[in-house]
Every structure is written in structure tokens, then in C-alpha cells.
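Q: I am new to this structure and would like to learn how to read its features. Could you guide me through them one by one?

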Amino acid sequence: MPTLFLIPAPLGDENRAWLPEPDRAAVIHLRHFVVESEKTARRHLKALGVETPIRELSMGTLNEHTPDSDIDALLAPLLDGHDVGLISEAGCPAVADPGAQLVARAHARGIPVMPLIGPSSILMALMASGANGQCFSFRGYLPVEPAERAKTLKTLEERSRRENETQLFIETPYRNHAMLEHLLAVLSPATRLAVACDLTLPEQLIVSHRVRDWPKTLPNLHKRPAIFVVHAA
């Protein structure tokens, strides 16, 4: 049966191998893709070594602006008997990613779904944080308004303390440094705060301390993709 392959993308512009060879070999024959960004996807697929010339590939777009009414049409190649690859902008498709909607529609139509191994910034940040990896929650973006954000952080910190649940979230890269300063000001001194930045890249940075032990000179996170990890238990 035609299959929807979930193809992870690298977390940065590095063109080094990021898929195990058996997984890469399983998708280089594909001609049809659903992507978050055509420009980024073409670069990734060229690096993977797809067999079809890049300009001849069929690409449908699925991102945060795609109307719900357009998603079923993206299944058309699968319904016509072709395998399809789903690729997000970075990391694992359908995780903190609009591709989850296409996966749900594929299951509803009885289409096999094949997730492939690749980099996940969420799991890598959790692995490297020293926080509880048995119970955790990814929260996406927190409120932008400072008072509302502080209230949300206190709620998440209390949940982490009560449930022994690690909390992970992200911020728009140009606000990362302000987020770090806000976290250190709002969280309790004994709470663990970790930041994982530019994961898998040469400039990768991972810092994890109790709030009271964070260095006074903070790392520069401006415009660098980062994951924040909070564990209060």
C-alpha cells in the first residue's frame, strides 16, 4: 500500500548526514512530498540524494496558514497509489508541527504511516537537561505579555513541583534572551532551568543549573533556536 513517510529534517543548515542509511534509502525514491517550506525542503532533499531531479518533485504546502479545508487534497497522491514524504521546517514532522493534521487524516483513510529516525530538539534538550525524563510536557510558546507570562510560569513551576513533571517550551528566537532573564527573575532559586541552543550544530550550547547557581554572565541566545526546560521537583 502507498505509505506516508514522516521524514525528519536537520535542525540547522548543516548538510551532514542526519538520517540512518536504511531510512535514507527508504525515501530517496519518493517523488511526492508535503512540506512546511518548499525552499527549505528542496535543500534538505538535495542533501539526502533523492533520485528524481529536485525541479521535478511534486510538493504540497502544509504550514500554520494552510486552511483545514485544503488538507484532504494533500492526500491525493497517496490515494492515487504513490508514496508521500512529510517534511517539516526542522526536526521531526508532526511534533510541534502542523503536519500532525495530515497524519491524522492518513490514519482516517487507512493509509500506513511510517515515522523515521531523526533529530528532535525537544527530546535532545530533555536528554541533556538533567531533568525528569519519565514525566514531561511540551508547552509550545508561553504568553508574550510579562505579567501573564509570569503567572503561567508560576503555574507550570508548581505543576512541576507537585507532579515531578518537567516543563519544556520555546520562544521566538529574537526574544530568547529576554525570556532567559525573565525565567531567572521569576522562578524559585531551587528550580532547575536548562537551555539547549543550536542543537546538533557546531555552536551548540547546553546550560543546566538550579536558578540560584546560574552564572551572572548569561549566554547570548539572541536569534538562536533554543528550548527552555524547567524542573522544580
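**Reading the loops and sheets**

A: Let us begin with a loop: K223 lies between strand 9 and strand 10. The model is a predicted one.

Q: What is the sign of phi at K223, and is the residue buried or exposed?

A: Most residues other than glycine have a negative phi. K223 has a positive phi of about 60° although it is not a glycine. Residue K223 is exposed, its relative accessible area being 59%.

Q: Where does N164 lie, and what is its phi?

A: N164 is found in the loop between helix 6 and strand 7. Its phi is positive, at about 55°, although N164 is not a glycine. With a relative accessibility of 34%, N164 counts as partly exposed.

Q: How should I read the order of strands in the sheet that contains strand 10?

A: Strands of a sheet pair through backbone hydrogen bonds, either parallel or antiparallel. Here five strands form an open sheet in the order 6-7-10-8-9, and the pairing is mixed. Strand 6 (136-141) and strand 9 (205-210) are at the edges with a single partner strand each, so one side of each has no neighbour in the sheet. On average, neighbouring strands of this sheet are turned by 15° against each other, direction ignored.

Q: Which residue stands opposite F138 in strand 7?

A: L168 in strand 7 stands opposite F138. Strand 6 and strand 7 (residues 166-170) run parallel and are joined by four bridges. Helix 6 (residues 146-163) packs on the sheet, where it touches strand 6, strand 7 and strand 10 (226-231). The direction of helix 6 makes about 150° with that of strand 7.

Q: Which strands does helix 7 lie across?

A: Helix 7 (residues 176-186) lies across strand 7, strand 8 (192-197) and strand 10. It runs at about 10° to strand 10.

Q: How many residues of strand 8 are buried?

A: A residue counts as buried when its relative accessible area is under 20%. In strand 8, five of the six residues are buried, so the strand is largely enclosed by the rest of the structure. Strand 8 pairs with strand 9 in the antiparallel sense over six bridges, and A196 stands opposite I206 in strand 9. Strand 8 also pairs with strand 10 in the antiparallel sense over six bridges; there, the bridge partner of R192 is H231.

Q: What is the order of strands in the sheet with parallel pairing?

A: That open sheet has five strands in the order 3-2-4-1-5. Its edge strands are strand 3 (58-61) and strand 5 (113-115), each of which pairs on one side only. From one strand to the next, the twist averages 25°.

Q: Which residue stands opposite F33, and which helices pack on or lie across these strands?

A: F33 stands opposite M59 in strand 3. Strand 2 (residues 32-35) and strand 3 run parallel and are joined by four bridges. Helix 2 (residues 38-48) packs on the sheet, touching strand 2, strand 3 and strand 4 (84-87), and its direction makes about 140° with that of strand 3. Helix 4 (residues 99-108) lies across strand 1 (4-6), strand 2, strand 4 and strand 5, running at about 145° to strand 1.

Q: Which residues form a nonpolar patch on the surface?

A: The patch consists of L123, M127 and F136, which together have about 330 Å² of accessible area. L123 belongs to helix 5 (residues 121-129), and this residue is partly exposed, with a relative accessible area of 43%.

Conventions. Residues numbered from 1 in each chain as written. Predicted model: local features only at pLDDT ≥ 70, side-chain atom pairs only at ≥ 80, totals over all residues. Heavy atoms only, no water. Pairing = 2+ DSSP bridges. Helix = DSSP H or I, 4+ residues; strand = E, 2+ residues; numbered from the N terminus. Axes fitted to C-alpha atoms, helices over the stretch in contact; angles between N-to-C directions. Contact = heavy atoms within 4.5 Å. Patch = residues over 30% accessible without salt bridge, like charges linked within 9 Å, V, L, I, M, F, W, Y side chains within 5 Å. Areas by Shrake-Rupley, 256 points an atom, 1.4 Å probe, with all protein chains shown as cover. Salt bridge = Lys/Arg side-chain N within 4 Å of Asp/Glu carboxyl O. Buried < 20%, exposed > 50% of the residue type's maximum accessible area, 1.4 Å probe, protein only.
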